[in-house]
Every structure is written in C-alpha cells, then in structure tokens.
Amino acid sequence: MSRIGKLPITLPEKVEVTVSSNNEVTVKGPKGSLSTIVDRDITVSQDGNTLLVERPTEQKRHKAMHGLYRSLINNMIVGVSQGYKEDLELVGVGYKASMAGTTLELALGYSHNIFLSLPNEVTATAVTEKGKAPVITLESIDKQLIGQVAAKIRSLRKVEPYKGKGIRFVGEVVRRKAGKTASK
C-alpha cells in the first residue's frame, strides 16, 4: 500500500473540493481556484471534511499514480488556503534585480541585462538592502508553476563552486571547492 496515497487529506475551513464526472478535481479557496484531471482509474471521494484517494488494484501503474495524485491534490489545497513562497538571493558583485510590472530585470554580470516575463499567476518582489545580497521573492498558489519559474531564474546564473557567486535559494548550502595552491 502506498504510504502517502492512503493518508486522508483534511480540508481546511473555506476550502471547497468538487469532483466532476470526468474525474476533474477543482479546489476553491480564499486565495483562488485550481483544478487537475485525475486518471480515470483513481477514485477521489469526500467524506465530511476529509478527502480520500483510492486505487482499484495492486498493479504497478495504479500504485505509482495513487501517491502522485494524492500529493497533487494536497498541494492544490495548501496552495489555495496558504499559498507558496520561494526566496532567491543573488550573490555576486554588481548583481541586481528589479521589477517593472510583470517583468523581472536582472543584471547578472553579462554584457546585457536579462528581462524575464513572469506568468500572471506568479507575483514577484525584488528587495535590495545595503550590505546584503538582493533577494527575489516569488509567491503563487500553484506549487509546480512557482518551482518552474524559480528554476528558470536560477538557471540564468548557476552557483559556481569556487567563489559561490550566482543565484541560489535562501538557505541553500553550496559545496565549495578549494582553489589552486600556490607554487613553491
């Protein structure tokens, strides 16, 4: 039995879940609404304020989807009730970030600035404090989308292991390498 799949999902207050006839799960909450289509073999049932995800057989395919869809539905419920937040910091001399509407402007040591258009579902703020690295804060109700946007921003300047310069998540530990040793 899938350890994650068999766990019931407790619905917080002000969150409504509807399952349509074609197995589309829609979650509505105070922060917005999300929906996903669940495989037709997996059944989603609501009992009061708990949600159960069940599979029909012990086939490998059903076992794989059981925990997956339970996690996806749980992530949607957390998203519409609390939301998700990612913090990225820019470590390096002259690295800057600023917002202009839905466009993120980054100065990352290249010969030109990078302009990145963000999806409407993701809101971003760029904060630069004196003496500290600039921090980009992303907020959204969709966990997959915010992770994809954060990974895209991070890929523009990956952290290098010698000086630790680049874009990293706040609190991320970067494994550092020793440089060349001086010759005798």
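Strands, written E, and helices, written H, are DSSP runs of at least two and at least four residues respectively, numbered from the N terminus. The model described here is predicted. In these terms, Asn23 is found in the loop between E2 and strand E3 (24–29). The phi of Asn23 is near 65°, a positive value in a residue other than glycine. Most residues other than glycine have a negative phi. Asn23 has a relative accessible area of 12% and is therefore buried, the cut-off for that class being under 20%.

A positive phi is also found at Lys14, where the angle is near 65° and the residue is again not a glycine. Lys14 is placed in the loop between strand E1 (9–10) and strand E2 (16–19). With a relative accessibility of 69%, Lys14 counts as exposed, since that class begins over 50%.

The strand that follows Asn23 belongs to an open sheet of three strands, arranged in the order E2-E3-E4 with antiparallel pairing. E2 and strand E4 (32–37) occupy the edges, and each has a single partner strand, so one side of each is left without a neighbour in the sheet. On average, neighbouring strands of this sheet are turned by 15° against each other, direction ignored. Six bridges connect E3 and E4 in the antiparallel sense. Within this pairing, Val25 has Thr36 of E4 as its bridge partner. The connection from E3 to E4 is a hairpin through two residues.

Further along the chain, Arg55 lies in the loop between strand E6 (50–54) and helix H1 (60–81). Its relative accessibility is 13%, and Arg55 therefore counts as buried. Two contacts of the Arg55 side chain were identified. A polar atom of this side chain lies 3.2 Å from the backbone oxygen of Thr57. The side chain of Arg55 also makes a polar contact, at 3.0 Å, with the side chain of His66. His66 is one of the buried residues of H1.

Helix H1 contains 22 residues, which at 1.5 Å a residue should span 32 Å; the end C-alpha atoms of H1 are 33 Å apart, in agreement with that value. The buried residues of H1 are His62, Met65, His66, Gly67, Tyr69, Arg70, Ile73, Met76, Ile77, Gly79 and Val80. Just after H1, Gly83 adopts a positive phi of about 90°.

A second open sheet consists of four strands in the order E11-E12-E7-E13, with antiparallel pairing. Strand E11 (123–127) and E13 are the edge strands, each pairing on one side only. From one strand to the next, the twist averages 20°. E7 and E12 run antiparallel and are joined by six bridges. Asp87 has Thr137 as its bridge partner in E12. Helix H2 packs on this sheet and touches E7, E12 and E13, and the direction of H2 makes about 155° with that of E12.

Helix H2 (residues 143–155) has 13 residues and reaches 18 Å from its first C-alpha to its last, close to the 18 Å expected at 1.5 Å a residue. Its buried residues are Leu145, Ile146, Val149, Ala150 and Ile153. Viewed down the axis of H2, these buried residues fall within an arc of 130°, so they line one face of the helix. An α-helix has 3.6 residues a turn, so residues three or four places apart point the same way. The buried residues of H2 pack against strand E7 (84–91), strand E9 (103–107), strand E10 (114–117), strand E12 (135–140) and strand E13 (166–169). At the start of H2, a side-chain oxygen of Asp142 comes to within 3.3 Å of the backbone nitrogen of Gln144.

Methods: Residues are numbered from 1 along each chain as its sequence is written. This is a predicted model: local features need pLDDT of at least 70, side-chain atom pairs count only at pLDDT 80 or more; totals for chains, interfaces and linings use all residues. Side-chain values use heavy atoms; hydrogens and water are left out. Buried means under 20% relative accessible area, exposed over 50%, partly exposed in between (1.4 Å probe, protein chains only). A polar contact is a pair of N or O atoms within 3.5 Å; within protein, one must be able to donate a hydrogen and the other to accept it, and residues adjacent in sequence count only if both atoms are side-chain atoms. The expected span of a helix is 1.5 Å times one less than its number of residues. The arc is that of the directions from the helix axis to the C-beta atoms. Contact means heavy atoms within 4.5 Å. Two strands pair if DSSP finds at least two bridges between them. Axes are lines fitted to C-alpha atoms, for helices over the stretch in contact, and angles run from 0 to 180 degrees between N-to-C directions.
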